[in-house]
Amino acid sequence: MSKTLLLLPGDGIGPEVCAETARVAEWMNAYGQLNVSLDERPFGGAAYDLSGSPLPEETKAAALASDAALMGAVGGPKWAGSPRDKRPEAGLLGLRKAMQVFANLRPALCFDALADASTLKREVVAGLDIMIVRELTGGVYFGEPRFIETLPDGQRRAVDTQVYTTHEIERVARVAFELARGRRNKVASAEKSNVMETGLLWREVVTDLHKRDYADVELEHILADNAAMQLVRNPKGFDVIVTDNLFGDILSDEASQLTGSIGLLPSAALGIAGAPGLYEPVHGSAPDIAGQGIANPLAAILSFEMALRSSLDRADLADRLFAAVKSALDGGARTRDLGGSLTTRQMGDAVIAALER
Ligand code: IPM
Ligand code: MG
């Protein structure tokens, strides 16, 4: 039976990197015994311009009905002044919430060929293979109340709410422990239990779950600020890092630089088993280079690789695609972010050529 992959190109470089990913998927349909139908819907600022909403109802419905949705990127200066609940980023948060994809897997892997592309020393990053599991549908991103008010004395006051329940913490921690068992069997749980109530609950829930179901996995609790430091000091000391929505956003951007470029980092946002996954490159819409055809499509292509593995039941093709990306990089294929001169399209060509070999 055929599965569906919904493309949500979005804004900035999103359409460019999605187009290359679609070419890879089409190549697999033609030559790799993949049977996935591709569909595409407006999303983000592009959708707002068309219909007044960054997440039109039919886009949301198509995502919920798909097996996997692959986003390009959202946002840009063009929409900075649009109503807050209509901003492209609000569309993305709305989609994550609607799809209930609470666990965001953000691998940071340093390809051998790129160990010199990082601003960190080769010996610090060579061979790096870590996985950040970011809680994605809770925390301060969604907590209520949130508002900005004007006080009687004319000052303004802003409130955000960081909130987590036992259930929300436990389900994402479970994903981290399960992943660790298939890797180096180590989980670092990052929070700020020294200053935050949510951090304290986070630590307690992770400790309980570990004791109950995952005592075989090595667990370390680490304060999120220290985790940020250890990530650049000795990143290979980590295996799986599990953390909340905001810390995960920050730590995964930091981790991207360990790999040479944020243009390389894919992610998979997963919900309960069998529900569609949402696949997103970690990078943003990069308005400064949008439309020039020079963006690195590998984060999007590797996000599709994760979709093949986790939503499309084709781990075999995921392995093949991963090997093709590695071989393209070994062969010297480099977009500008990696110090090369390939266009987005040429990088797509390099991956397809490697698939053909
Ligand atoms: C990410 C991005 C998003 C986030 C933005 C675009 C809303 O930074 O996926 O890391 O903060 O979650
Ligand atoms: Mg981010």
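User: At 22% relative accessibility, does alanine 286 count as buried, partly exposed or exposed, and what is the class called?

Analyst: In this predicted model, the place of alanine 286 is in the loop between β12 (277-279) and α10. Buried residues have under 20% relative accessible area and exposed ones over 50%, with partly exposed in between. Because alanine 286 has a relative accessibility of 22%, the class that applies is partly exposed.

User: What is the phi of alanine 286, a residue other than glycine?

Analyst: Most residues other than glycine have a negative phi, so a positive one deserves a second look. Alanine 286 is a residue with such a positive value, and its phi is near 45°.

User: In which loop does aspartate 313 lie?

Analyst: Aspartate 313 is another residue that has a positive phi, of about 55°, although it is not a glycine. With a relative accessibility of 57%, aspartate 313 counts as exposed, and the loop that holds it is the one between α10 and α11.

User: Which residue is joined to glutamate 144 by a cis peptide bond?

Analyst: Most peptide bonds are trans, so a cis bond is worth pointing out. Here omega is about 0° for the bond that follows glutamate 144. The partner lies in the loop between β5 and β6 (147-150), and that partner of glutamate 144 is proline 145.

User: Why is one side of β2 and of β9 left without a neighbour in the sheet?

Analyst: Ten strands form an open sheet with mixed pairing, in the order β2-β1-β3-β12-β11-β4-β5-β10-β8-β9. β2 (36-40) and β9 (218-223) stand at its edges, so one side of each has no neighbour, since each pairs with a single partner strand.

User: Which residue in β9 is the bridge partner of valine 187?

Analyst: Strand β8 (residues 186-191) runs parallel to β9, and six bridges join the two. Helix α8 (residues 224-233) packs on the sheet and touches β5 (129-135), β8, β9 and β10 (240-243), with its direction at about 105° to that of β9. Across the pairing, the bridge partner of valine 187 is leucine 219.

User: Which residue in β2 does leucine 7 stand opposite?

Analyst: Strand β1 (residues 3-10) pairs with β2 in the parallel sense over five bridges, and the two strands make a right-handed β-α-β unit together with α1. In this pairing, the residue of β2 opposite leucine 7 is glutamate 40.

User: How far apart are the end C-alpha atoms of α1?

Analyst: The buried residues of α1 include Val17, Ala22 and Trp27, and what covers them includes β1, β2 and α12. At 1.5 Å a residue, the 18 residues of α1 should span 26 Å, which agrees with the distance found between the end C-alpha atoms, 26 Å.

User: Against which helices do the buried residues of α12 pack?

Analyst: Helix α12 (residues 344-356) should span 18 Å, and this agrees with the 19 Å between its end C-alpha atoms. Among its buried residues are Met347, Val351 and Leu355. The helices against which these buried residues pack are α1 (14-31), α10 (298-310) and α11 (315-330).

User: With the side chain of which residue does arginine 134 make a polar contact of 2.8 Å?

Analyst: Arginine 134 lies in strand β5, and its relative accessible area of 1% means that it is buried, because buried means under 20%. Arginine 134 touches, among others, Arg96, Phe102, Tyr141 and Asp249. The polar contact of 2.8 Å joins its side chain to that of asparagine 245.

How values were computed. Residues are numbered from 1 along each chain as its sequence is written. Chains are lettered from A and ligands numbered from 1 in the order in which they are written. This is a predicted model: local features need pLDDT of at least 70, side-chain atom pairs count only at pLDDT 80 or more; totals for chains, interfaces and linings use all residues. Side-chain values use heavy atoms; hydrogens and water are left out. Helices (H or I, at least four residues) and strands (E, at least two) are DSSP runs, numbered from the N terminus. The expected span of a helix is 1.5 Å times one less than its number of residues. Buried means under 20% relative accessible area, exposed over 50%, partly exposed in between (1.4 Å probe, protein chains only). Contact means heavy atoms within 4.5 Å. Two strands pair if DSSP finds at least two bridges between them. Axes are lines fitted to C-alpha atoms, for helices over the stretch in contact, and angles run from 0 to 180 degrees between N-to-C directions. A polar contact is a pair of N or O atoms within 3.5 Å; within protein, one must be able to donate a hydrogen and the other to accept it, and residues adjacent in sequence count only if both atoms are side-chain atoms. A crossover is right-handed if, with the strands pointing away from the viewer, the path from the first strand over the helix to the second runs clockwise. Lists of a residue's contacts leave out its neighbours within four places in sequence.
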